[in-house]
Amino acid sequence: MTLIIAPTGKALGAVVTGIDLGSPVEDAIAAEIRMALCQHGVLAFPNQRMTPESQVALTRQLGEPEVHVLSDFAIPNMPEDFIVSNVRKNGKPVGAVNAGQYWHSDLSYTAQPTFASMLHAKEVPPGRGETLFASMVRAYETLSDEIKTKIEGCHAIHDYTLAYETVFADNPDRILTEEQAAEVPPVKHPVVRRQVETGRRAIYVNPGFTRRIVEMDAEESRDMLEALFTQATDPANIYTHHWQVEDFLMWDNRITMHMAMSNYEASDVRHLLRTSVTGEVPV
Ligand code: OGA
Ligand code: MN
């Protein structure tokens with residue numbers, strides 16, 4: 001089996017063919033996938049007939065699977081397999097509704113944020129519900145020297161409750177209980193982090209979870225975060241994934257941020273299965 005890795009031609013991302021992820025993946029191939037992921041930031045594997053079991057097995061080959069704080073949205077008896085969906089059963093959502101419809105990097109609000117996240121598309125609205133990815137490596141590299149100097153050595157506070165104060169403020173489907181909030185206290189990370197495998201540097205703040213830059217006063221921090229987000233979300237810095245059923249997608253959260261589009265109707269079904277792998281303490 002030979003992996004065929006075709007870069008998207010955008011700021012990040014590659015399409016990978018020549019592999020069947022529904023069958024066990026050799027460790028050497030999993031290592032190759034991991035390396036390609038570090039290099040390209042996003043990998044799209046079209047047409048993968050995977051079961052939750054095969055998704056979790058591959059996830060384990062890439063590292064330690066994570067269990068999300070919203071544990072109600074996991075597949076029964078598979079805490080590592082989380083449902084991202086707008087489907088309702090008996091009036092209750094079966095998975096996380098409106099997941100990630102704002103720019104963010106997964107679990108940046110934890111001490112050891114997610115390395116890789118993976119989604120398998122079971123049902124998607126035709127031509128809608130895209131996911132956007134931004135290259136935080138290119139975003140860093142294209143900053144002015146003045147900004148690079150200003151953020152050198154700085155740290156930022158990341159806090160899951162920020163998203164609940166802003167994007168989820170009026171969303172009855174997205175409630176964080178006090179117990180859940182207590183499990184995810186705010187954390188501090190470097191504003192620029194290093195991807196350990198390649199040595200590349202990436203901006204590591206995001207609109208969803210980053211409250212402020214510690215070394216700056218409130219106004220300076222707000223202006224700097226805004227400047228960094230503007231840079232990162234420049235169209236030239238983005239790959240848009242247009243979903244097809246049975247697409248399997250993975251991304252490296254250390255060097256990217258992402259956002260799901262909310263451009264489909266409530267009657268359109270969007271149902272994906274999600275696994276993720278924990279990462280190192282950011283450096
Ligand atoms: C996620 C997420 C985006 C999407 O699963 O981490 O942000 O397109 N999902 O569903
Ligand atoms: Mn996400």
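Reader: How much space lies in the second largest cavity?

Author: Think of a cavity as a hole inside the protein that a small probe fits into but cannot get out of. In this predicted model, the second largest cavity holds about 60 Å³ of space.

Reader: Okay, and which residues line the second largest cavity?

Author: To find a lining, you look for residues with an atom within 4 Å of a cavity point. Here that gives you E66, V67, H68, P79, E80, F82, L107, R274, T275 and S276. Sort them by class and you get 4 nonpolar, 3 polar and 3 charged residues.

Reader: Which strands each supply at least two residues of that lining?

Author: Strand 5 and strand 18 (271-278) do. Keep strand 5 in mind, since we'll come back to it.

Reader: How many cavities of 30 Å³ or more does the structure hold?

Author: There are 2 of them. The largest cavity has a volume of about 300 Å³.

Reader: What lines the largest cavity?

Author: Its lining has 22 residues, and A99, G100, H104, D106 and R274 lie nearest the centre. By class, you'd count 13 nonpolar, 5 polar and 4 charged residues in that lining. Here's strand 5 (78-85) again: strand 5 and strand 17 (256-260) each supply at least two residues of the lining of the largest cavity. R274 also turns up in the lining of the second largest cavity.

Reader: What takes up the space of the largest cavity?

Author: Cavities are worked out from the protein atoms alone, so a ligand doesn't fill them in. In this case, the largest cavity is the space taken by ligand 1.

Reader: Which residues surround ligand 1?

Author: Its neighbours are V84, A99, G100, H104, D106, L119, T131, W251, H258, A260, R270 and R274. By class, this shell has 5 nonpolar, 4 polar and 3 charged residues.

Reader: Where should I look for polar contacts with ligand 1?

Author: Look for pairs of N or O atoms within 3.5 Å. Try R270 to begin with: a polar atom of its side chain lies 2.8 Å from an oxygen atom of ligand 1. For H258, an N or O atom in the side chain is 3.0 Å from a ligand 1 oxygen. Then there's H104, with a polar side-chain atom 3.1 Å from an oxygen atom of ligand 1.

Reader: Is ligand 1 mostly buried or exposed?

Author: You compare the area a ligand exposes by itself with what the protein covers. Taken alone, ligand 1 exposes 290 Å², and the protein buries 97% of that.

Notes: Residues are numbered from 1 along each chain as its sequence is written. Chains are lettered from A and ligands numbered from 1 in the order in which they are written. This is a predicted model: local features need pLDDT of at least 70, side-chain atom pairs count only at pLDDT 80 or more; totals for chains, interfaces and linings use all residues. Side-chain values use heavy atoms; hydrogens and water are left out. A residue is near a molecule or strand if one of its heavy atoms lies within 4 Å of it. A polar contact is a pair of N or O atoms within 3.5 Å; within protein, one must be able to donate a hydrogen and the other to accept it, and residues adjacent in sequence count only if both atoms are side-chain atoms. Accessible areas come from the Shrake-Rupley method with a 1.4 Å probe; for residues, only the protein chains shown count as cover. On a 1 Å grid over the protein atoms alone, a cavity is a set of points where a 1.4 Å probe fits but cannot get out, and a pocket is an open set with protein on both sides within 12 Å along at least five of seven lines; lining residues have an atom within 4 Å of a point. A molecule sits in a cavity or pocket if more than half of its atoms lie within 2 Å of its grid points. Ala, Val, Leu, Ile, Met, Phe, Trp, Tyr, Cys and Pro count as nonpolar, Asp, Glu, Lys and Arg as charged, and the others, Gly among them, as polar. Grid points are joined across faces, edges and corners, and a volume is the space filled by probe spheres set on the points. Helices (H or I, at least four residues) and strands (E, at least two) are DSSP runs, numbered from the N terminus.
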